[in-house]
Amino acid sequence: MRDDPPFVEQIQRDLRDVRWLAPEEIRSRGRRRSQRKIVVATVVLALAGFSAVAVAAPRTSPPLVQPVAAPSASPTRHEITTDALLQPADLPQPVYVQLSQAGLGEPVRLEDTLGHCRTSQGLPDGWQMSILSRSQTLMRKPTQGVLVPGDALVMQDLFRLVPETARQLFTSLDDLVAPCAEWRSVEQWQTVNGTHTMEVIHRWAVVQRGFAGDDAAILRDTLTAPRDVQTGQTFGNAPPPTFLAVVRVGDAVSLLRIADDGTEAKLRQLAVAAAARMCAAANPAC
């Protein structure tokens with residue numbers, strides 16, 4: 001026993017022989033594992049539905065064999081790749097930075113203010129849940145050398161949903177917006193003269209529909225100038241309206257927001273361009 005190497009030395013010798021994965025390989029395996037989980041979950045659900053039918057059917061014929069898809073059939077897409085997003089060439093302004101990130105199982109959050117309007121009235125926010133998503137922000141070149149939120153030209157969220165859920169998002173859109181057709185928002189504002197209780201009236205409306213993809217809509221939020229509840233005094237002018245475009249191509253749904261100086265017409269043009277790009281991710285294929 002005294003001739004054996006000490007335990008610590010043996011561990012150190014064994015560790016030297018271990019091949020450690022590079023950080024890039026670890027991240028790559030993690031992404032593949034997440035994608036496999038999505039595929040496996042889909043297959044499990046499909047098999048569960050098939051099993052229920054098989055148990056209920058009389059056993060008077062041989063077991064069913066899963067049909068083989070014809071060579072011309074398009075494979076089902078799972079991942080959302082960056083080529084399904086708007087590209088810098090789709091914008092009239094030069095794009096300096098393109099930021100992108102992906103997610104799993106996130107709500108299709110149309111607009112936080114719209115959700116707050118609904119929940120403040122005791123209603124659910126109404127968001128549909130996605131299977132996976134990819135988001136990006138296209139930024140203009142910074143004037144001071146530092147990127148700030150005001151440099152954002154376009155913000156886009158692209159989601160994959162269960163097909164029926166994607167269609168339901170549009171069939172329920174008018175009902176979703178209706179409680180916020182005229183909503184009074186009250187907040188505390190801190191100014192040089194002290195704290196003020198301010199109110200702003202939001203007027204949400206669906207102003208355009210059916211101009212791109214399988215379905216599309218533009219939502220507009222028109223606001224009044226902030227008004228002091230106690231004195232009735234207004235502060236400044238009414239801000240410009242905010243716009244949100246929602247586009248569906250198959251089971252893919254995209255949300256588009258543009259810079260504060262953007263117009264409804266510009267947003268519509270981008271939504272048409274986004275619908276064409278979404279063909280790279282949609283099921284069924286365009």
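Strand 8 provides the largest share of the lining of the largest pocket, namely 3 residues. The structure described here is a predicted model, and the pocket in question holds about 530 Å³ of space. The lining comprises 23 residues, of which Thr242, Phe243, Ile258, Ala259 and Asp260 are the closest to the centre of the pocket. Besides strand 8 (242-249), at least two lining residues each are supplied by strand 3 (152-160), strand 5 (194-209), strand 6 (215-223) and strand 9 (252-258). In terms of residue class, the lining of the largest pocket consists of 12 nonpolar, 5 polar and 6 charged residues.

Enclosed space was also examined. Rolling a probe the size of a water molecule over the atoms shows where empty space is left. The structure contains 1 cavity of 30 Å³ or more, and the volume of the largest cavity is about 70 Å³. Val108, Leu110, Gly126, Trp127, Gln128, Leu169, Ser172, Leu173 and Leu176 form the lining of this cavity. Of these lining residues, 6 are nonpolar and 3 are polar, while no charged residue is found in the lining of the largest cavity.

The protein chain as a whole has 6 helices and 9 strands. It is made up of 286 residues, 34% of which count as buried. When contacts in the protein chain between residues at least 6 apart in sequence are considered, 65% of them join residues at least 24 apart.

Two residues of strand 6 illustrate the surroundings of buried positions. Ile218 is located in strand 6. Its relative accessible area is 0%, and Ile218 is therefore classed as buried, a term that requires a value under 20%. The C-alpha atoms of Ile218 and Val206 are 5.9 Å apart in space, although the two residues are separated by 12 places in sequence. When neighbours within four places in sequence are left aside, the contacts of Ile218 are with Ala205, Val206, Val207, Gln208, Phe211, Phe243, Leu244, Ala245, Glu264, Leu267 and Arg268.

Asp215 is likewise placed in strand 6. Asp215 is buried but takes part in no salt bridge. The nearest side chain of opposite charge belongs to Arg209, at a distance of 4.3 Å; this pair is not counted because a salt bridge requires the nitrogen and oxygen atoms to lie within 4 Å. Residues up to four places away in sequence not being counted, Asp215 touches Phe170, Arg209, Gly210, Val246, Val247 and Arg248.

Salt bridges were then surveyed, and the count comes to 10. One of them joins Arg277 and Asp90, whose closest N and O atoms are 2.9 Å apart. This pair links distant parts of the chain, since Arg277 belongs to helix 6 and Asp90 to the loop between helix 2 (23-56) and strand 1 (97-104), with their positions 187 residues apart in the numbering. Arg277 has a relative accessibility of 29% and so counts as partly exposed. Asp90, with a relative accessible area of 22%, is partly exposed.

A further salt bridge is formed by Asp251 and Arg160, with an N to O distance of 3.1 Å. Asp251 is found in the loop between strand 8 and strand 9, and Arg160 in strand 3, so the pair ties together parts that are 91 residues apart in sequence. Asp251 and Arg160 are both buried.

Arg109 and Asp112 also form a salt bridge, in which the closest N and O atoms are 3.8 Å apart. Arg109 counts as partly exposed, at 39% relative accessibility, whereas Asp112 is exposed, at a relative accessible area of 51%. In addition, a network of salt bridges links Glu111, Asp157 and Arg257.

Finally, the backbone includes a cis peptide bond between Asn283 and Pro284, with an omega of about 0 degrees. Pro284 is situated in the segment after helix 6 (264-278).

Notes
Residues numbered from 1 in each chain as written. Predicted model: local features only at pLDDT ≥ 70, side-chain atom pairs only at ≥ 80, totals over all residues. Heavy atoms only, no water. 1 Å grid on protein atoms, 1.4 Å probe; cavity = no way out; pocket = protein on both sides within 12 Å on 5 of 7 lines; lining within 4 Å. Points joined across faces, edges and corners; volume = space filled by probe spheres on them. Helix = DSSP H or I, 4+ residues; strand = E, 2+ residues; numbered from the N terminus. Nonpolar A, V, L, I, M, F, W, Y, C, P; charged D, E, K, R; others polar. Buried < 20%, exposed > 50% of the residue type's maximum accessible area, 1.4 Å probe, protein only. Contact = heavy atoms within 4.5 Å. Lys, Arg positive; Asp, Glu negative; His and termini not counted.
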